[in-house]
Amino acid sequence: MTTMKPASSGDHYLFDNGSDLGAQQLNSLSALFDAHTRSVLNSLPLSASPRSLEIGAGNGSVARMIAEHSDGQVLAIDLDTTHLPKTPGVEPRRHDIREGVPAGPFDLIHARIVLTHLTAREEIFASLVDGLAPGGWLVLADVGLAEELLVAPEESDHEVWRNYNDAAYRQVGPAAGHDYSWADRTEAAMFAAGLSDVVAEHVVPLARGGGPWAMYQSNLSRQAEVPLLATGLSMEDMERYRTMLTEPEFRARIFSLTYTAGRKPAA
Ligand SMILES: C[S@@+](CC[C@H](N)C(=O)[O-])C[C@H]1O[C@@H](n2cnc3c(N)ncnc32)[C@H](O)[C@@H]1O
């Protein structure tokens with residue numbers, strides 16, 4: 001196993017998979033993005049019976065998808081394996097990727113919305129490239145900020161929107177180690193690491209009031225309520241933000257998701 005330096009003190013995962021809200025968060029991500037992830041992964045020419053590593057596996061939906069599609073073995077790691085069952089072809093393991101990449105090599109390494117959160121992403125990225133077998137694929141999906149309120153249910157919601165986003169995405173997220181620019185830098189990092197067949201796809205989901213993407217944001221605001229209020233965000237703005245997310249007129253772009261894939265040259 002490749003080992004890395006310990007995480008910096010600011011680097012802590014903001015959400016709690018073990019809580020009900022954490023479980024809902026993981027299920028929302030599966031509902032929102034699994035179809036797209038499937039189309040990205042199915043397009044890769046994987047070797048027969050590949051050995052795969054799924055990092056930050058969450059509820060295991062992508063690990064199961066890889067196992068079913070590829071007929072290979074998937075090692076599914078996460079800090080918290082509460083919602084990560086053992087299923088045919090999938091071995092769940094509690095493991096912190098900051099401590100190193102499990103022994104490989106792997107024909108496919110995939111992580112969705114994980115490196116965004118980790119301060120040591122550049123070192124982890126390098127170790128993931130090292131962990132690939134010749135001809136193996138690295139597929140990373142990370143979030144960027146879109147932050148566009150397209151339809152505000154009330155005029156005053158523009159200010160609430162700005163206040164919430166400033167607290168969440170310029171204070172709480174960065175303080176926990178989030179880097180929303182990494183998604184746009186991943187492609188260049190893959191080229192610099194000598195990967196071939198590098199390709200990226202960028203999706204910007206539209207959040208509609210009461211819809212799954214808006215409710216996902218509401219969930220995050222509840223899980224991070226304490227640090228959000230500690231920035232000085234008022235409870236009034238917090239509550240109005242959550243209400244706005246449920247209103248039928250609400251339309252916004254909040255996050256983008258960029259999928260980037262690259263292949264280690266064959267030996
Ligand atoms: C935003 S969730 C994404 C879950 C899943 N990849 C998905 O897209 O549905 C981030 C996941 O990464 C896990 N995670 C965070 N830091 C990690 C670390 N240092 N090592 C392993 N897993 C980690 C979290 O526990 C959580 O399950």
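Trainee: Which residues does phenylalanine 255 touch, not counting residues up to four places away in sequence?
Mentor: This is a predicted model, in which local features need pLDDT of at least 70, side-chain atom pairs count only at pLDDT 80 or more, and totals for chains, interfaces and linings use all residues. Residues are numbered from 1 along each chain as its sequence is written, and side-chain values use heavy atoms, with hydrogens and water left out. A contact means heavy atoms within 4.5 Å. By that rule the partners are Val143, Gly144, Leu145, Ala146, Tyr169, Tyr180, Val204, Pro205, Trp213, Gln217 and Leu220.

Trainee: Which element gives the largest share of the largest nonpolar core?
Mentor: A nonpolar core is a set of buried (under 20% relative accessible area, 1.4 Å probe, protein chains only) Ala, Val, Leu, Ile, Met, Phe, Trp, Tyr and Cys residues joined through side-chain atoms within 4.5 Å. The largest one has 51 residues, and Phe255 is among those touching the most other members. Elements giving two or more residues include α1 (20-42) and β8 (251-263). The largest share, 7 residues, comes from α4.

Trainee: What radius of gyration does the protein have, and why does it agree with a compact globule?
Mentor: The radius is taken over C-alpha atoms, and the globule rule is 2.2 Å times the number of residues to the power 0.38. With 267 residues, that rule gives a value near 18 Å, so the protein agrees with it at 19 Å.

Trainee: What percentage of the 267 residues is buried?
Mentor: In soluble globular proteins, nonpolar side chains tend to be buried together. Here, another core of 25 residues lies apart from the largest one. Over the whole protein, the buried share is 53%.

How values were computed: Buried < 20%, exposed > 50% of the residue type's maximum accessible area, 1.4 Å probe, protein only. Helix = DSSP H or I, 4+ residues; strand = E, 2+ residues; numbered from the N terminus.
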